[in-house]
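Here are some exercises to work through with the model open beside you. Try each task yourself before you read the solution.

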Amino acid sequence: MEYKLRKAEPKDVSDILRLVKELAKYEEMEHQVTLTEKELLEDGFGETPFYHCIIAEIQGESSSDDPKVAGFAMYYFTYDPWVGKQLYLEEFYVMDEYRGLGIGSEILRQLSDLAMKTRCTGMMFVVAENNEPSVQFYKRRGAEDLSQEEGWRLYRFDKSSLVKMATPAEE
């Protein structure tokens, strides 16, 4: 089965959201996906994109069939004041029936090449603890588990916490 990787385009937002929901369902977190196609379109394809995507397409069975979006990687660049530029891999998913074709490995190869061309010092990402197949996929390629190696913990301020902190204290 042939596939090709390409840069995401605005027409891809419905497929991107479909794949985000599939991954969330796999991780038993589907109820947490509140993002809309409109937000994906504005945030990824506006004047200042907040993310970039690589799309994996599988050619249809006949030449007249449209290609099917079978996977994607969503990423952006961050800056670490200790080491400099980093590529942050936010979301990475290949549909179950298309795994084993080398799509995930090729996406990582392209992202690694991009990171090197943009002089990044590394690629960061988070993996759910119970997603053992993904943990092994990354470890086979040399990924380090910083939660164990360096003792880092991941924290988040949710929207209500941000509102509280942004509101000036009464004097």
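**Exercise 1. The chain as a whole**

Of the contacts in the protein chain with a separation of 6 or more, what percentage comes from residues 24 or more positions apart? Then describe the order of the elements in the protein chain.

*Solution.* Keep in mind that this is a predicted model. Start with the contacts: residues 24 or more positions apart account for 57% of those with a separation of 6 or more. Next, count the elements: the protein chain has six helices and five strands. Read from the N terminus, their order is β-α-α-β-β-β-α-β-α-α-α. Finally, look at the overall dimensions and burial. The C-alpha atoms fill a box of roughly 70 × 35 × 35 Å along the principal axes, and 29% of the 171 residues are buried.

**Exercise 2. Helix α3**

Check the span of α3 (residues 103-117), and find out where its buried residues lie around the helix axis.

*Solution.* Begin with the length. At 1.5 Å a residue, the 15 residues of α3 should span 21 Å, and the end C-alpha atoms are indeed 21 Å apart. Now list the buried residues: Ile103, Gly104, Ile107, Leu108, Leu111 and Ala115. Seen down the axis of α3, these residues fall within an arc of 130°, so they line one face of the helix. A general rule helps here: an α-helix has 3.6 residues a turn, so residues three or four places apart point the same way. On the other side of α3, Met116 and Lys117 are exposed. As for what covers the buried residues of α3, the list includes β1, β2, β3, β4, β5 and α4. To finish, step past the helix to arginine 119, which follows α3 and has a positive phi, near 60°.

**Exercise 3. Helix α1 and the core**

Repeat the analysis for α1, then find which residues of the largest nonpolar core touch the most other members.

*Solution.* First, the span: α1 has 14 residues and reaches 20 Å from first C-alpha to last, close to the 20 Å expected. Its buried residues are Val13, Ile16, Leu17, Leu19, Val20, Leu23 and Ala24. They cover an arc of only 165° around the axis, which puts them on the same side of α1. They pack against α2, β2, β3 and β4.

Second, the core. Of its 36 residues, Ile16, Phe72, Phe92, Ile103, Ile107 and Leu111 touch the most other members. At least two residues of this core come from each of α1, β2, β3, β4, α3 and α4. Take leucine 111 as an example: beyond its neighbours within four places in sequence, its contacts are Ile54, Ala73, Tyr75, Leu87, Leu89 and Met123.

**Exercise 4. A charged residue and two cysteines**

Decide whether aspartate 12 is buried or exposed, and explain why cysteine 120 and cysteine 53 form no bond.

*Solution.* Locate aspartate 12 in the loop between β1 and α1. With a relative accessible area of 2%, aspartate 12 is buried. Its side chain makes a polar contact of 2.7 Å with the side chain of arginine 6.

For the cysteines, recall that a disulfide is a covalent bond between the sulfur atoms of two cysteines. The sulfur of cysteine 120 is 17 Å from the closest cysteine sulfur, in cysteine 53, too far for a bond. The structure holds zero disulfides. Cysteine 53 is buried, at a relative accessible area of 5%, and cysteine 120 is buried at 8%.

Terms used. Residues numbered from 1 in each chain as written. Predicted model: local features only at pLDDT ≥ 70, side-chain atom pairs only at ≥ 80, totals over all residues. Heavy atoms only, no water. Helix = DSSP H or I, 4+ residues; strand = E, 2+ residues; numbered from the N terminus. Expected span 1.5 Å × (residues − 1). Buried < 20%, exposed > 50% of the residue type's maximum accessible area, 1.4 Å probe, protein only. Arc of directions from axis to C-beta. Contact = heavy atoms within 4.5 Å. Polar contact = N/O pair within 3.5 Å; in protein donor to acceptor, adjacent residues only side chain to side chain. Core = buried A, V, L, I, M, F, W, Y, C linked by side-chain atoms within 4.5 Å. Disulfide = S-S within 2.5 Å.
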